[in-house]
Amino acid sequence: MSELVSDRIYNAQCLGNIEPVEYIVPYPNIFSLLEGENIKFGNNYLFLDQKITNNDFLTLINQASNWLRENKLGIKSRVVIENIDFPIAEIIIFAVWASGNSVILSQEPIKKKDLAKVDPVMLLNNTNCPSLEILKNYPSDFIPLFRPSLHHEALLFYKKKKFIQLSHYNLLVNTNGACKHLDLRRGTTININLPSTSTAWIVLQLLLPLYAGIAISNKNPDITIGLDGQYDNADYIIKMNWNKISKEQNVIHIIEENTGVVCIGDIPIHMTSIEISDNQISIKGHSIMMGYTDKRSNSKIFNNNSMIIKNNLE
């Protein structure tokens with residue numbers, strides 16, 4: 001990437017005079033979010049219906065990390081996660097991060113020529129992933145060979161033949177913004193059941209419960225968050241594809257180039273600003289992606305100190 005385009009991306013990631021390095025999320029990487037929650041709240045349930053506590057989740061991730069190491073996953077590599085079922089998907093993606101690697105996700109089939117450009121070393125799906133019973137055979141302690149920093153890549157998301165590159169900071173700060181907006185209280189139960197194919201799944205189902213100290217349960221939950229049409233009476237509705245911003249304050253709008261959540265209703269999440277004109281939305285803020293891996297595409301959307309997205313709006 002040329003210095004000029006990298007500067008454009010960084011300028012778009014700034015909000016006013018606050019640069020990403022100046023807004024502190026209290027974790028050095030995503031895995032530390034789970035470690036931090038376990039310091040005081042290890043015995044609290046994360047997946048209430050399955051009776052999996054934060055400590056159980058950490059143990060399962062360590063066991064899955066040992067499984068990945070046994071299957072020759074090293075460090076600083078990319079792993080495709082292909083629509084794995086709950087809760088194995090949640091365990092495996094955290095294990096990939098815990099072992100010092102990043103993830104590739106997609107809601108659509110990835111063309112072979114495109115996949116070859118990002119060079120994944122492993123593809124995991126429901127067929128070749130270990131079960132909970134298999135994981136119990138592995139050690140519950142794991143010593144990583146590499147721990148990423150906030151600026152390191154955590155995720156590539158495939159969308160319209162391009163890979164969106166997101167950092168640990170992107171995912172954490174977007175979760176932070178969603179958490180502040182939703183004003184979730186520790187001990188709340190939430191019903192959410194998204195397929196493991198989107199950034200919305202990562203932010204709202206995987207990271208948000210840990211960030212807010214809440215538990216996932218479909219039995220008399222305090223709050224239900226669902227995709228458009230998934231539930232009859234959801235408290236919040238996730239719009240993955242939309243042609244205008246709804247002013248209804250329970251609508252969560254997703255733009256993957258902005259990591260995940262961009263606004264709830266017409267109010268941007270924390271550390272994000274939006275301007276809408278004609279058929280485009282101009283976004284500034286800390287959730288803005290690292291860029292497309294196809295560097296030529298970056299110059300088309302980063303202009304005027306903003307990221308300008310046209311394909312979500314009419």
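Trainee: Why is Asp183 called partly exposed?

Mentor: Asp183 has a relative accessible area of 48%. Buried would need a value under 20%, and exposed a value over 50%. Asp183, at 48%, lies in between, so it counts as partly exposed. Keep in mind that we are looking at a predicted model.

Trainee: What makes Arg185 and Asp183 a salt bridge?

Mentor: The closest N and O atoms of Arg185 and Asp183 are 3.4 Å apart. The cut-off is within 4 Å, so this pair qualifies as a salt bridge. Side chains of opposite charge can pair when their charged atoms come close.

Trainee: And why does Arg185 count as exposed?

Mentor: Arg185 has 56% relative accessibility. Exposed means over 50%, so the label fits Arg185.

Trainee: How do you know that Asp228 and Lys239 form a salt bridge?

Mentor: Their closest N and O atoms are 2.9 Å apart, and the limit is 4 Å, so the pair passes. This pair links distant parts of the chain, eleven residues apart. Asp228 sits in the loop between strand 10 (223-227) and strand 11 (236-239), while Lys239 belongs to strand 11. At 24% relative accessibility, Lys239 is partly exposed, because that value falls between the 20% and 50% cut-offs.

Trainee: How many salt bridges does a search of the whole structure find?

Mentor: The search finds ten. One of them joins the side chains of Arg147 and Glu35, at 3.8 Å from N to O. That distance is within 4 Å, so the pair counts. Arg147 lies in the loop between helix 6 (132-135) and strand 6 (153-159), and Glu35 in helix 2 (residues 30-41), 112 residues apart.

Trainee: Are those two residues buried, partly exposed or exposed?

Mentor: Arg147 has 29% relative accessibility and Glu35 has 34%. Each value lies between 20% and 50%, so Arg147 and Glu35 are partly exposed.

Trainee: Let's turn to strands. Why is strand 16 called largely enclosed by the rest of the structure?

Mentor: Strand 16 covers residues 280-285, and five of its six residues are buried, so the description fits.

Trainee: What makes strand 15 and strand 16 a pair?

Mentor: Pairing needs at least two bridges, and these strands have six, so they pair, in the antiparallel sense. Glu275, for example, has Ser282 in strand 16 as its bridge partner.

Trainee: How do you know that strand 16 also pairs with strand 19?

Mentor: Three bridges join strand 16 to strand 19 (residues 306-309), so the requirement of at least two is met. The two strands run antiparallel, and Ser282 stands opposite Ile308 in strand 19.

Key:
Residues numbered from 1 in each chain as written. Predicted model: local features only at pLDDT ≥ 70, side-chain atom pairs only at ≥ 80, totals over all residues. Heavy atoms only, no water. Buried < 20%, exposed > 50% of the residue type's maximum accessible area, 1.4 Å probe, protein only. Helix = DSSP H or I, 4+ residues; strand = E, 2+ residues; numbered from the N terminus.
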